[in-house]
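Dear colleague,

Here is the structure I promised to pass on. My notes on its strands follow below.

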Amino acid sequence: MASTYITKTISDGGNTKSTFSAWVKRSGLGTTQYLFHTSENTNNDVKIIFNSANNFRVIGVVSGSTVMNLSTNRKFKDNSAWYHFVVSIDLTQSTEADRVKIYVNGSQETSFSTATYPSQNYSSLRLNNNGDRRTIGTIYDGGGSAGSGYFDGLLAHVHWTDGYAYAASTFGSTDSTSGIWKPNTAPSVTYGTNGFFLKFEN
(Lines give C-alpha, C1' and ligand atoms only; values in the text may rest on other atoms or scores of the structure.)
Protein backbone atom coordinates (compact mmCIF):
# COMPACT_ATOMS: atom_id res chain seq x y z
CA MET A 1 0.00 0.00 0.00
CA ALA A 2 1.36 3.43 -0.93
CA SER A 3 2.43 5.63 1.97
CA THR A 4 5.03 8.08 0.66
CA TYR A 5 4.66 11.82 0.10
CA ILE A 6 6.54 15.12 0.01
CA THR A 7 5.43 18.19 1.94
CA LYS A 8 6.70 21.70 2.63
CA THR A 9 5.37 24.88 4.26
CA ILE A 10 5.60 27.88 1.93
CA SER A 11 5.88 31.65 2.31
CA ASP A 12 4.52 34.64 0.40
CA GLY A 13 2.95 34.25 -3.04
CA GLY A 14 -0.11 35.18 -5.08
CA ASN A 15 -3.62 33.84 -5.44
CA THR A 16 -4.88 34.18 -8.98
CA LYS A 17 -2.56 32.16 -11.27
CA SER A 18 -0.87 28.77 -10.98
CA THR A 19 -0.08 25.70 -13.07
CA PHE A 20 0.29 22.05 -12.09
CA SER A 21 1.93 19.66 -14.55
CA ALA A 22 2.83 16.02 -13.93
CA TRP A 23 3.44 12.75 -15.73
CA VAL A 24 1.45 10.08 -13.94
CA LYS A 25 1.39 6.29 -14.10
CA ARG A 26 -1.32 4.76 -11.95
CA SER A 27 -1.03 1.49 -10.06
CA GLY A 28 -3.90 1.11 -7.59
CA LEU A 29 -7.37 2.10 -8.76
CA GLY A 30 -10.78 2.62 -7.19
CA THR A 31 -9.78 4.76 -4.21
CA THR A 32 -9.47 8.52 -3.67
CA GLN A 33 -5.84 9.44 -4.34
CA TYR A 34 -4.21 12.87 -3.98
CA LEU A 35 -1.70 14.03 -6.55
CA PHE A 36 -1.39 17.51 -5.08
CA HIS A 37 -2.74 19.37 -2.06
CA THR A 38 -2.11 22.93 -0.92
CA SER A 39 -3.85 24.02 2.25
CA GLU A 40 -4.18 26.18 5.32
CA ASN A 41 -6.51 23.49 6.67
CA THR A 42 -9.15 21.15 5.26
CA ASN A 43 -11.67 24.04 5.15
CA ASN A 44 -9.33 26.13 2.99
CA ASP A 45 -7.50 24.14 0.34
CA VAL A 46 -6.93 23.19 -3.28
CA LYS A 47 -6.65 19.53 -4.22
CA ILE A 48 -5.94 17.64 -7.42
CA ILE A 49 -7.09 14.04 -7.14
CA PHE A 50 -8.38 10.86 -8.68
CA ASN A 51 -11.68 9.96 -7.05
CA SER A 52 -12.80 6.43 -6.20
CA ALA A 53 -14.54 6.19 -9.60
CA ASN A 54 -11.17 6.99 -11.31
CA ASN A 55 -12.23 10.43 -12.56
CA PHE A 56 -9.73 13.31 -12.42
CA ARG A 57 -10.86 16.18 -10.18
CA VAL A 58 -9.71 19.70 -9.26
CA ILE A 59 -11.35 21.11 -6.13
CA GLY A 60 -10.99 24.39 -4.25
CA VAL A 61 -12.59 25.04 -0.86
CA VAL A 62 -12.70 28.42 0.93
CA SER A 63 -14.08 28.69 4.47
CA GLY A 64 -15.75 25.31 4.01
CA SER A 65 -17.51 26.25 0.75
CA THR A 66 -16.55 24.69 -2.58
CA VAL A 67 -15.70 27.48 -5.04
CA MET A 68 -13.91 25.37 -7.67
CA ASN A 69 -14.94 21.87 -8.68
CA LEU A 70 -14.17 20.18 -11.98
CA SER A 71 -14.65 16.44 -12.40
CA THR A 72 -13.99 14.77 -15.74
CA ASN A 73 -16.48 12.37 -17.25
CA ARG A 74 -13.48 10.50 -18.54
CA LYS A 75 -12.03 7.78 -16.31
CA PHE A 76 -8.33 7.00 -16.04
CA LYS A 77 -7.85 3.29 -15.45
CA ASP A 78 -4.97 2.25 -17.71
CA ASN A 79 -2.21 0.97 -15.42
CA SER A 80 0.19 0.52 -18.33
CA ALA A 81 0.06 4.11 -19.60
CA TRP A 82 1.79 7.32 -18.62
CA TYR A 83 -0.69 10.22 -18.57
CA HIS A 84 0.36 13.85 -18.71
CA PHE A 85 -1.96 16.06 -16.65
CA VAL A 86 -1.87 19.86 -16.67
CA VAL A 87 -4.12 22.08 -14.57
CA SER A 88 -3.83 25.73 -15.63
CA ILE A 89 -5.50 28.26 -13.32
CA ASP A 90 -5.89 31.92 -14.31
CA LEU A 91 -8.64 33.61 -12.34
CA THR A 92 -8.16 36.92 -14.16
CA GLN A 93 -9.90 35.51 -17.26
CA SER A 94 -13.30 37.01 -18.09
CA THR A 95 -14.61 33.76 -19.62
CA GLU A 96 -15.56 31.33 -16.88
CA ALA A 97 -14.27 28.18 -18.58
CA ASP A 98 -10.88 29.83 -19.22
CA ARG A 99 -10.19 30.26 -15.50
CA VAL A 100 -9.45 26.58 -14.92
CA LYS A 101 -8.26 24.36 -17.76
CA ILE A 102 -7.40 20.66 -17.58
CA TYR A 103 -5.23 19.04 -20.24
CA VAL A 104 -4.51 15.33 -20.68
CA ASN A 105 -1.71 14.31 -23.03
CA GLY A 106 -1.81 17.72 -24.65
CA SER A 107 -5.56 17.90 -25.30
CA GLN A 108 -7.91 20.07 -23.27
CA GLU A 109 -10.64 18.22 -21.40
CA THR A 110 -14.08 19.71 -22.08
CA SER A 111 -16.46 17.01 -20.83
CA PHE A 112 -17.21 17.34 -17.12
CA SER A 113 -19.82 15.81 -14.82
CA THR A 114 -19.30 18.83 -12.55
CA ALA A 115 -17.90 22.22 -13.60
CA THR A 116 -17.87 24.99 -10.98
CA TYR A 117 -15.47 27.90 -11.53
CA PRO A 118 -14.34 30.66 -9.16
CA SER A 119 -15.51 34.17 -9.94
CA GLN A 120 -13.21 36.46 -11.93
CA ASN A 121 -10.20 37.79 -9.96
CA TYR A 122 -11.20 35.68 -6.96
CA SER A 123 -8.38 36.14 -4.44
CA SER A 124 -9.22 33.74 -1.61
CA LEU A 125 -8.32 30.43 -3.28
CA ARG A 126 -5.39 28.79 -1.46
CA LEU A 127 -2.94 28.61 -4.34
CA ASN A 128 0.26 30.11 -2.92
CA ASN A 129 -0.57 31.55 0.47
CA ASN A 130 1.93 32.39 3.20
CA GLY A 131 2.14 29.61 5.79
CA ASP A 132 0.22 27.03 3.73
CA ARG A 133 1.47 23.47 3.36
CA ARG A 134 2.20 22.10 -0.11
CA THR A 135 1.97 18.32 -0.41
CA ILE A 136 2.48 15.80 -3.21
CA GLY A 137 1.09 12.30 -2.79
CA THR A 138 -1.44 12.66 0.05
CA ILE A 139 -3.67 15.13 1.92
CA TYR A 140 -2.09 17.10 4.75
CA ASP A 141 -4.54 18.64 7.22
CA GLY A 142 -4.15 21.84 9.24
CA GLY A 143 -3.25 19.88 12.35
CA GLY A 144 -0.03 18.65 10.78
CA SER A 145 -1.15 15.13 9.97
CA ALA A 146 -0.81 13.16 6.76
CA GLY A 147 -2.02 9.70 6.05
CA SER A 148 -5.08 9.43 3.84
CA GLY A 149 -5.60 9.37 0.10
CA TYR A 150 -2.06 8.32 -0.75
CA PHE A 151 -1.28 8.32 -4.45
CA ASP A 152 -0.54 4.78 -5.66
CA GLY A 153 1.68 4.90 -8.74
CA LEU A 154 4.59 6.77 -10.29
CA LEU A 155 5.15 10.50 -10.79
CA ALA A 156 7.73 12.27 -12.97
CA HIS A 157 8.44 15.81 -14.14
CA VAL A 158 6.16 17.48 -11.59
CA HIS A 159 5.88 21.26 -12.01
CA TRP A 160 4.06 23.91 -9.99
CA THR A 161 4.14 27.59 -10.95
CA ASP A 162 3.35 30.47 -8.63
CA GLY A 163 1.78 33.42 -10.45
CA TYR A 164 1.91 31.97 -13.98
CA ALA A 165 -0.64 29.98 -16.01
CA TYR A 166 0.68 27.77 -18.80
CA ALA A 167 -0.89 25.48 -21.40
CA ALA A 168 0.09 21.84 -21.83
CA SER A 169 2.25 22.73 -24.84
CA THR A 170 4.74 24.38 -22.46
CA PHE A 171 5.49 21.04 -20.81
CA GLY A 172 5.00 18.54 -23.65
CA SER A 173 4.96 18.12 -27.40
CA THR A 174 4.05 15.55 -30.02
CA ASP A 175 6.93 13.47 -31.36
CA SER A 176 7.13 14.09 -35.12
CA THR A 177 7.97 10.44 -35.86
CA SER A 178 5.83 8.41 -33.47
CA GLY A 179 3.01 10.89 -32.89
CA ILE A 180 3.31 10.22 -29.14
CA TRP A 181 2.96 13.03 -26.60
CA LYS A 182 6.29 13.40 -24.78
CA PRO A 183 7.75 15.69 -22.10
CA ASN A 184 9.70 18.84 -22.91
CA THR A 185 12.77 18.15 -20.81
CA ALA A 186 13.72 21.82 -20.44
CA PRO A 187 10.49 23.84 -20.68
CA SER A 188 10.61 27.63 -20.63
CA VAL A 189 8.80 28.22 -17.33
CA THR A 190 8.83 30.96 -14.70
CA TYR A 191 8.14 29.33 -11.34
CA GLY A 192 7.66 32.39 -9.13
CA THR A 193 8.29 32.52 -5.39
CA ASN A 194 6.89 29.11 -4.45
CA GLY A 195 7.06 27.20 -7.72
CA PHE A 196 9.16 24.10 -8.31
CA PHE A 197 10.24 21.38 -10.73
CA LEU A 198 10.68 17.87 -9.33
CA LYS A 199 12.05 15.55 -11.99
CA PHE A 200 12.02 12.37 -9.81
CA GLU A 201 14.73 11.04 -12.08
CA ASN A 202 15.77 8.29 -9.65
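Which residue in β6 does valine 58 stand opposite? Valine 58 faces leucine 70 there. Please keep in mind throughout that the model is predicted.

The two strands behind that pair are β5, residues 55-62, and β6, residues 65-75. They run antiparallel and are joined by 7 bridges. Between them the hairpin has 2 residues, and in it serine 63 takes a positive phi near 50 degrees.

β6 is also joined to β10, which covers residues 112-116. This pairing is antiparallel too, with 4 bridges. One place to find it in the viewer is threonine 72, whose bridge partner in β10 is phenylalanine 112.

Both pairings belong to an open sheet of 7 strands. Its order is β1-β11-β3-β4-β5-β6-β10, and the pairing is antiparallel. The edges are formed by β1 (6-9) and β10, each of which pairs on one side only. On average, neighbouring strands of the sheet are turned by 10 degrees against each other, with direction ignored.

At the β1 end, the partner is β11, residues 133-136. These two strands pair in the antiparallel sense over 4 bridges. Threonine 9 stands opposite arginine 133 of β11.

When you look at side chains along the sheet, recall that in a regular strand they alternate between the two faces.

Regards

Key. Residues numbered from 1 in each chain as written. Predicted model: local features only at pLDDT ≥ 70, side-chain atom pairs only at ≥ 80, totals over all residues. Heavy atoms only, no water. Pairing = 2+ DSSP bridges. Axes fitted to C-alpha atoms, helices over the stretch in contact; angles between N-to-C directions.
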